[in-house]
Amino acid sequence: MLAKVHSASLLGIDAFPVEVEVNSGWGQPAVIIVGLPDAAVKESRDRVKTAIENSGFKYVMGRTTINLAPADVKKEGPSFDLPIAIGILAVSEQIVAEKLDDFVIVGELALSGAVRNVAGVLPIAIRAQQQGKRGVIVPADNVAEAAVVQGLEVYPAKNLREVAEFIAGKRELISVRENPTKIFQQHRQYDVDLVDVKGQESVKRALEVAAAGGHNILMIGPPGSGKTLLAKRVPTILPEFTLEEALETTKIHSICGLLPKGQALVATRPFRSPHHTTSNAGLLGGTSNLTPGEISLANHGVLFLDELPEFHRDVLEALREPLEEGRVVISRATGTMTFPANFMLVAAMNP
């Protein structure tokens, strides 16, 4: 028997649809996952088995094949635990899954059957809306960021049994909706202000000119003169943060797992201050998983490089193209990825 569950995975700062196909048949008891799964996906076999049993269901016996389609794109992370478990319950006829085509499901399972939060829920919700899905089922801790996508029903998943009963029509889950404009207006206040800095009128004027014109700036002064204090307040005088910019910035922070629990949007311009020992990959992005770096996390905000001469020369040289183009193109053996990098560079150094 075959069951199909809709899910999604991340590629760059966007998501792409993934079909989790579960087939159970006769043969030596075994669970085989195909479709270029990474180590975290392969380990889901043991998590899912224990979670199903601890949720009061029976695990399938015999040979079970799980295919993650499309099969030619690598699948990463634990977000397939929940859709795999639902697929196994459907294929073993423990639930009547008539609603599976209506939803995109993501979530990591604890051994108890509880659903844990995952990274990148916002771009997954955006992709589900583009697919025309009725809604998404996401971990309860991620429901706020998914709920800002309009025209989509977002259901919080607390545990496997709750989701299984909802899919089977035996339980009602209350969908959550948020007004992104209202949230954006309520949380756009900064914790600091340029008025906190006393004196330094010439530097303040230079920062205002740079912020108004979108220029980069270098501050040179002795230790203790207030360079870092001033740099942290630059985002507060940049042009007003728009909702479109906030959504793009939130996507990047969501993918990197940096969005605080329960927070729906990054409503203020980001301020990133990497250490001077940061590597090329750490600043530009493009580790083995092709994830965004510090310059993309500073998108629509400020990248502050303190102790500028201490940064490695190749790191500083690599900033040329992103500063000119507003994006960074990362090429690795696993592929090529383009990340947004439209930031204001603020640097500081001693004389």
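# A walk through the chain

Start with everything selected: of the 351 residues in this chain, 49% are buried, meaning that each has under 20% relative accessible area, while exposed means over 50% and partly exposed lies in between (1.4 Å probe, protein chains only). You are looking at a predicted model, where local features need pLDDT of at least 70, side-chain atom pairs count only at pLDDT 80 or more, and totals for chains, interfaces and linings use all residues. Residues are numbered from 1 along each chain as its sequence is written, and side-chain values use heavy atoms, with hydrogens and water left out.

**The whole chain**

Turn on the cartoon view. The chain has 14 helices and 15 strands; helices (H or I, at least four residues) and strands (E, at least two) are DSSP runs, numbered from the N terminus. Along the principal axes, the C-alpha atoms fill a box of roughly 75 × 45 × 30 Å. Now switch on the surface: the accessible area comes to about 16300 Å², and 50% of it belongs to carbon and sulfur atoms. That area comes from the Shrake-Rupley method with a 1.4 Å probe.

Next, think about contacts, which are heavy atoms within 4.5 Å. Take the contacts between residues at least 6 apart in sequence: 72% of them join residues at least 24 apart.

**Stop 1: strands β8 and β9**

Select residues 135-139 and 153-157. These are β8 and β9, which run parallel and are joined by 5 bridges; two strands pair if DSSP finds at least two bridges between them. Pick out I137 and you'll find its bridge partner in β9, Y155. Why is β9 described as largely enclosed by the rest of the structure? Because 4 of its 5 residues are buried.

Now show S175, which touches E153, V154 and Y155, leaving aside residues up to four places away in sequence. S175 sits in the loop between α6 (160-167) and α7 (180-186). With a relative accessible area of 28%, S175 is partly exposed. For a sense of distance, draw a line from S175 to D72: their C-alpha atoms are 34 Å apart, with the two positions 103 residues apart along the chain.

**Stop 2: the nonpolar cores**

In soluble globular proteins, nonpolar side chains tend to be buried together. A nonpolar core here is a set of buried Ala, Val, Leu, Ile, Met, Phe, Trp, Tyr and Cys residues joined through side-chain atoms within 4.5 Å. Show the side chains of I52, L82, I86, I137 and I167: these have the most contacts inside the largest core, which has 41 residues. Which helix gives the most to this core? It's α3 (residues 81-91), with 8 residues.

Zoom in on I86. Not counting residues up to four places away in sequence, I86 touches V5, I95, L100, L160, V163 and A164. Apart from this core lies another, of 27 residues, among them A125, L152, F184 and A264.

**Stop 3: helices α4 and α10**

Select residues 121-131 for helix α4, where V121, L122, P123, I124, A125 and A128 are buried. What do the buried residues of α4 pack against? Colour β1 (2-11), β2 (14-25), β5, β8, α5 (143-146) and α10 to see the partners. Just after α4 comes G132, with a positive phi near 85°.

Move on to L247 in helix α10 (residues 243-255). L247 touches L122, V148 and L265, again leaving out residues up to four places away in sequence. Is L247 buried or partly exposed? Its relative accessible area is 29%, so L247 counts as partly exposed.

**Stop 4: some unusual backbone spots**

Most residues other than glycine have a negative phi, and most peptide bonds are trans. Here are some spots that go the other way:

- Select A69 and P70: the peptide bond from A69 to P70 is cis, with omega near 10°. P70 lies in the loop between β4 (63-69) and α3.
- Select E93, which is not a glycine but has a positive phi of about 60°. E93 is in the loop between α3 and β5 (103-105), and at 60% relative accessibility it counts as exposed.
- Select Q200, where phi is positive too, near 50°. Q200 is in the loop between α7 and α8 (201-213), and at 33% relative accessibility it counts as partly exposed.
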